[in-house]
Amino acid sequence: MSYQTALTINRVIKDIDAKKYLLPSIQREFVWNTDQIEKLFDSLMMDYPINSFLFWKVSKENTKEFKFYEFLREYHQRENRHNPKADLNGSDDIMAILDGQQRMTSLYIGLKGTYAYKLSYKRWDNPLAYPKRRLYLNLLQPAEEREDFKYDFLFLTEDEVREDHAYRDEDGKRHYFWFPVGEILNFTKSNEVNKYLIKNKLHSLEDEEQALFANDALFNLFEAIHMKETISYYLEESQELDKVLHIFIRVNSGGTPLSYSDLLLSFATAQWEKLDAREEINGAVDELNKIGRGFHITKDLLLKASLVLCDFSDIRFKADNFNQTNMLVIERKWDSITSSMRLAMELVASFGFSRENITSNNALIPIAYYISVIGNPANFASSGKYKEDRKKIKKWFASSILLRVFSFASDSVLKQIREIVRGRHEGFPLDAICDKFRGTNRDITFTHDSINNLLWTKYGEGDALIVMSFLYPWASLKNNFHIDHIHPKSKFTRKKLEKCGVPEDQVDFYMDNYNYIGNLQLLEEVQNEEKSARYFDEWMEEQFPDPGQRKDYMQKHLIPDVDFSIRNFKEFFTEREKLLCNALKKELMQTKE
């Protein structure tokens with residue numbers, strides 16, 4: 001192994017564009033967030049060391065023996081997290097990155113690409129939730145509000161730059177003081193920095209300190225990218241994959257830690273014989289996460305499911321369990337494993353579950369194991385043959401989520417449930433599982449107290465739809481049902497309540513309780529939109545003029561026969577909680593069929 005130091009960032013970026021630098025398939029994927037990228041560029045500007053890199057020189061003769069990937073350029077949190085596979089036809093020797101991928105990819109994205117992450121207030125499956133952002137540098141002032149930052153680097157959308165990050169000169173012309181960092185690559189000489197400052201009138205600002213800062217910041221960026229030989233690296237020239245794999249695992253123990261799945265995926269990549277482990281596992285995770293309203297399973301979960309479904313006695317995440325023998329078993333059974341997981345997740349999605357209300361994805365694995373045991377029937381989620389199975393699985397799954405059965409030591413639970421399921425073909429063994437864990441902290445049998453506690457479930461909490469699934473056993477939640485406030489939440493302000501004649505001594509009760517399950521119902525999307533924020537008594541009069549229809553609605557939605565005006569909310573809420581409590585006891589306190 002040799003040591004060199006002679007590369008500028010500009011030189012390395014050009015070589016990445018030319019596909020001279022690639023990532024070996026044993027590398028994990030890009031995991032840095034925008035804050036980490038911004039801090040890296042700030043370190044460069046302050047001339048801080050960014051640590052050395054480890055490169056692996058692969059000879060032209062051996063490039064076809066290994067799998068390589070290109071650097072990620074346009075990162076998208078939902079649609080584009082995986083590196084494109086490299087085409088090595090006609091390649092010369094290549095340089096693969098064994099250590100420093102996160103830093104190198106961050107430099108590449110910051111200078112040449114974009115970063116799209118989800119806006120917190122939008123749904124995961126909304127395409128508009130992921131606006132593209134480029135890296136910009138504030139040329140007017142340092143990062144005053146960011147701890148440990150000197151220079152203000154930020155990933156911004158074009159709209160943010162256009163609307164919020166410009167100033168007008170004395171002639172009223174707009175000038176942008178957020179400099180697009182990638183533009184520095186187009187500056188080949190230092191005098192082009194001056195040209196930019198003059199063109200954007202940043203050299204003649206009224207505030208002299210700002211003018212000096214703009215000059216200092218842009219020249220520093222030019223020098224950091226074009227002049228300073230920042231990229232120092234060790235070079236490994238061995239062509240033995242086993243040696244390279246162990247070097248990779250050793251050196252990647254620092255930085256952003258490798259997850260178990262990252263390490264184990266490295267072993268799988270080296271040991272699978274026919275399938276490309278990286279592409280298969282990443283592709284399966286992406287596909288499974290798009291089922292229904294979206295899930296959030298990881299490589300770790302899928303590899304854990306592989307250990308369980310392959311019936312290995314030890315299902316812990318440790319290197320010994322991912323030896324070559326076990327990895328080849330997983331490869332041979334891969335189609336069956338992914339089929340079982342897909343069927344399990346399609347079933348769970350039909351119950352109304354998604355990434356928004358599943359507190360532990362480990363609960364998916366026993367369902368996948370049972371489906372595997374009975375032969376992965378493609379129609380499991382719809383056939384009348386499996387109606388009883390589906391009913392029992394729903395009760396077990398929802399109860400396990402509500403009672404946090406998998407909140408700790410999940411391996412032990414998975415192994416014990418697997419032992420119960422194994423060899424049983426007469427149906428999903430709900431009763432046997434209940435009996436096994438009765439009286440322990442994995443008990444899924446409900447008591448009067450735990451049923452009453454469910455009434456404290458609030459609108460917006462993940463458990464709300466789960467509780468609703470028991471209150472609405474007739475509803476197929478794979479359809480688009482909305483959780484609706486029976487008495488509209490917009491009416492629950494002190495001013496509006498007092499205007500409606502609600503007694504002053506009851507207002508606090510109204511304000512404290514309108515968001516709980518006692519004031520919630522499930523409505524199909526169209527019906528919910530029609531109801532909107534109308535007073536409940538008025539909506540009922542218009543929606544159900546026929547007494548028979550009204551009675552049917554009240555029975556289906558567990559509505560008490562009381563005055564529906566908002567002035568009577570306290571009685572309505574109290575009486576409905578009694579109906580809900582009785583319904584939940586009927587559904588949840590009888591595990592024996």
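**Salt bridges, a buried helix and some surface features**

I will start with one pair of side chains. D17 and R73 form a salt bridge, with 3.7 Å between the closest N and O atoms. The two residues are 56 apart along the chain, so this pair links distant parts of it. D17 sits in helix 1, residues 9-17, and R73 sits in the loop between strand 4 (68-69) and strand 5 (74-76). Keep in mind throughout that this is a predicted model.

How exposed are the two partners? D17 has a relative accessible area of 28%, which makes it partly exposed. R73 is at 33% and also counts as partly exposed. The cut-offs matter here: buried means under 20% and exposed means over 50%, so a residue at 28% falls in between.

The pair does not stand alone. D17, R73, E74 and K112 are linked in a network of salt bridges. In total the count comes to 24 salt bridges.

Two other bridges from that list. R422 and E419 meet through their side chains, at 2.5 Å from N to O. R422 is partly exposed, with a relative accessible area of 33%, and E419 is partly exposed as well, at 48%. Then there is E541 with R550, where the N to O distance is 3.5 Å. E541 has a relative accessible area of 54%, so this residue counts as exposed.

Now the chain as a whole. The secondary structure comes to 24 helices and 15 strands. The chain has 593 residues, and buried residues make up 52% of them. Taking contacts between residues at least 6 apart in sequence, 73% join residues at least 24 apart. The chain exposes about 28200 Å², and carbon and sulfur atoms supply 45% of that area.

Next, a buried element. Why is helix 18 described as largely enclosed by the rest of the structure? Helix 18 covers residues 463-471, and 9 of its 9 residues are buried, so the description follows from the count. The buried residues are D463, A464, L465, I466, V467, M468, S469, F470 and L471. What covers them? The cover includes three helices that you can find in the model: helix 14 (387-402), helix 17 (448-454) and helix 24 (569-588). It also includes strand 14 (481-485) and strand 15 (520-524).

Back to the surface. E206, D207, E208 and E209 gather there in a patch of negative charge. One of these, E208, is found in helix 6, residues 208-227. E208 has 58% relative accessibility and so counts as exposed.

Last, two backbone points. Which phi does D47 have? The value is positive, about 65°, although D47 is not a glycine. D47 lies in the loop between helix 2 (34-45) and strand 3 (53-58), and at 53% relative accessibility D47 counts as exposed. D148 has a positive phi too, about 70°, and D148 is not a glycine either. The place of D148 is the loop between strand 8 (134-138) and strand 9 (153-156). With a relative accessible area of 60%, D148 is exposed.

Methods. Residues numbered from 1 in each chain as written. Predicted model: local features only at pLDDT ≥ 70, side-chain atom pairs only at ≥ 80, totals over all residues. Heavy atoms only, no water. Patch = residues over 30% accessible without salt bridge, like charges linked within 9 Å, V, L, I, M, F, W, Y side chains within 5 Å. Areas by Shrake-Rupley, 256 points an atom, 1.4 Å probe, with all protein chains shown as cover. Salt bridge = Lys/Arg side-chain N within 4 Å of Asp/Glu carboxyl O. Lys, Arg positive; Asp, Glu negative; His and termini not counted. Charge placed at Lys NZ, Arg CZ, Asp CG, Glu CD. Helix = DSSP H or I, 4+ residues; strand = E, 2+ residues; numbered from the N terminus. Buried < 20%, exposed > 50% of the residue type's maximum accessible area, 1.4 Å probe, protein only. Contact = heavy atoms within 4.5 Å.
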